[in-house]
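Thank you for passing this model along; the notes below are meant for someone opening it for the first time. They take the sheet before the helices.

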Amino acid sequence: MLRRYILTGAPGAGKTTTARRLAAAGHTVIAEAATDLITASQAAGIDAPWDDPALTDEIAALQRERQHRADALPGPVQFFDRSPVCTLAMARFTGHEPGPVLLAELDRITTERIYQTTVLLFDLLDAITPTNVRRVTLDEARAFERVHLDAYAEYGFRIERLPPLPIAARAALAERLAS
């Protein structure tokens, strides 16, 4: 039986770096949709695509597409770099109402029990490295983390926290929690 685990946490918590380490170790890892869409929008000249309320529906649609495609990928365990619940947290954090695509995807993942009920949340590191996609301060990241925790609790997920450890140790912990 396929087990899908969500990797989540505030921007800059080391989630994607650890996901890359898991992929290098041979695990199936599904990339974060939001970063890809934001990067593409910025390349098209849109400086702050997160200001557009429609972005969260675009993210949810890409997350659904990637999840469906991942069904054909190898391995009994898959790690998803974020989920539609993270997209809901983004909508709330940016002050946007969730759109119909996001709401439908939240309903689908809940009804069909797409993901494991244990979510792996990466605790924040001591600093944030800004990028074009990640433009938050450490205090904003902490607030965003709280929004994530609330959203996952609302949807009945149980949070398993991954403390700020070296990448190899975090990847080993994620593997252990998913076994």
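1. Which residue in β4 does T8 stand opposite? In this predicted model, the partner of T8 is L121 in β4. The strands that run parallel here are β1, covering residues 3-9, and β4, covering residues 118-122, and four bridges join them.

2. That pair belongs to an open sheet of five strands, whose order is β2-β3-β1-β4-β5 and whose pairing is parallel. At the edges lie β2 (28-30) and β5 (158-162), each of which pairs on one side only. From one strand to the next, the twist averages 30 degrees.

3. Two helices that pack on the sheet deserve a look together. Helix α1 (residues 15-24) touches β1, β2, β3 (77-81) and β4, and its direction makes about 150 degrees with that of β1. Helix α7 (residues 167-177) touches β1, β3, β4 and β5, with a direction that makes about 150 degrees with that of β5.

4. A helix-to-helix contact is also worth checking, namely that of α4 (residues 84-93) with α6 (residues 138-154), which pack at an angle of about 130 degrees with their axes 9 Å apart. The two helices are therefore oblique to each other, and their crossing is right-handed.

5. As for the residues involved, the α4 side includes V85, L88 and F93, while the α6 side includes A143, F144 and V147. The residues of this contact of α4 with α6 divide into 11 nonpolar, one polar and three charged.

Note on methods. Residues numbered from 1 in each chain as written. Predicted model: local features only at pLDDT ≥ 70, side-chain atom pairs only at ≥ 80, totals over all residues. Heavy atoms only, no water. Axes fitted to C-alpha atoms, helices over the stretch in contact; angles between N-to-C directions. Parallel < 35°, antiparallel > 145°, perpendicular 65-115°, else oblique. Left-handed = near helix turned anticlockwise from the far one by under 90°. Contact = heavy atoms within 4.5 Å. Nonpolar A, V, L, I, M, F, W, Y, C, P; charged D, E, K, R; others polar. Pairing = 2+ DSSP bridges.
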